[in-house]
Amino acid sequence: VYDRPPLPIPIKPAVGVFPSLTPGTIFRDCDECPEMVVVPAGSFWMGSYDGADHEKPEHLVSIQSFAAGKYEVTFAEWDACESGGACEGYRPDDNGWGRGNRPVIYVNWWHAKSYVKWLSRKTGETYRLLNEAEWEYVARAGARSKYWWGNAVGRGSANCDGCGSRWDNKRSAPVGSFKANAFGLYDVLGNVWEWVEDCWHRNYSGAPTDGSAWVSGGNCSALARSRGLSA
């Protein structure tokens with residue numbers, strides 16, 4: 001097993017990035033907006049020398065403080081956008097699984113971009129998709145293991161193939177059905193795939209190390225930008 005070098009001292013948040021909000025703070029900018037959790041700044045080893053070629057090379061990435069959705073975006077939150085005359089007027093199907101607090105499905109990358117654009121316009125704040133480095137950072141939540149809860153999928157930690165939940169291989173689970181990770185975020189692994197900002201690349205050769213989105217080169221089609229749990 002590859003022995004990773006120790007992490008450096010966590011970096012300090014950039015000036016002006018949630019200066020009055022401490023990590024773990026939960027807020028909501030409007031009644032229809034998703035709950036947000038302030039994520040601490042830090043550094044982590046992204047990728048793996050033990051995994052497939054597309055996970056190499058492992059590289060150290062520094063992340064500034066930001067806020068991420070406490071849960072996956074729900075049908076209720078999406079429907080508020082659609083009924084408000086935004087989100088391209090698109091009302092996605094729920095596949096018969098139910099709406100409300102289930103994660104929204106059947107939305108493409110452009111739909112996801114229209115949703116965060118609506119949030120920005122409605123609140124006057126800046127909402128965007130997470131980039132891949134930020135997504136992996138919050139998915140790990142400081143853990144050095146394969147998953148934030150350990151190296152084995154185990155049972156009852158997520159909704160996926162072989163995760164031991166009553167929703168496995170059947171349907172999505174309502175958001176918040178499993179325990180939160182160390183950052184206070186739910187469903188960061190499993191349940192449904194999630195869109196990120198970055199273009200798809202064959203591996204991490206040349207990937208940014210400053211926590212920014214990698215939007216040059218690679219496959220920048222909207223179909224190549226999702227992340228989830230491959231368990």
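Two strands count as paired if DSSP finds at least two bridges between them, and a strand here is a DSSP run of E covering at least two residues, numbered from the N terminus. By that rule, β1 and strand β2 (residues 36–39) pair in the antiparallel sense over two bridges. One contact to look for is Phe27, whose bridge partner in β2 is Met36.

Before going on: this is a predicted model, where local features need pLDDT of at least 70 and side-chain atom pairs count only at pLDDT 80 or more, while totals for chains, interfaces and linings use all residues. Residues are numbered from 1 along each chain as its sequence is written.

Zoom out a little and you get an open, antiparallel sheet of three strands, ordered β1-β2-β5. β1 (26–27) and β5 (66–69) sit at the edges with a single partner strand each, so one side of each has no neighbour in the sheet.

Now for the empty space. A cavity is a set of points on a 1 Å grid over the protein atoms alone where a 1.4 Å probe fits but cannot get out, and its lining residues have an atom within 4 Å of a point. Volume is the space filled by probe spheres set on the points, which are joined across faces, edges and corners. There are two cavities of 30 Å³ or more.

The largest has a volume of about 60 Å³, and its lining includes Met46, His59, Glu132 and Trp214. That lining splits into six nonpolar, two polar and two charged residues. The second largest holds about 40 Å³, with Trp148, Trp149, Phe178 and Lys179 among the residues around it. Its lining comes to seven nonpolar, one polar and two charged. In this count, Ala, Val, Leu, Ile, Met, Phe, Trp, Tyr, Cys and Pro are nonpolar, Asp, Glu, Lys and Arg are charged, and the others, Gly among them, are polar.

Note on methods:
Heavy atoms only, no water. Helix = DSSP H or I, 4+ residues; strand = E, 2+ residues; numbered from the N terminus. 1 Å grid on protein atoms, 1.4 Å probe; cavity = no way out; pocket = protein on both sides within 12 Å on 5 of 7 lines; lining within 4 Å.
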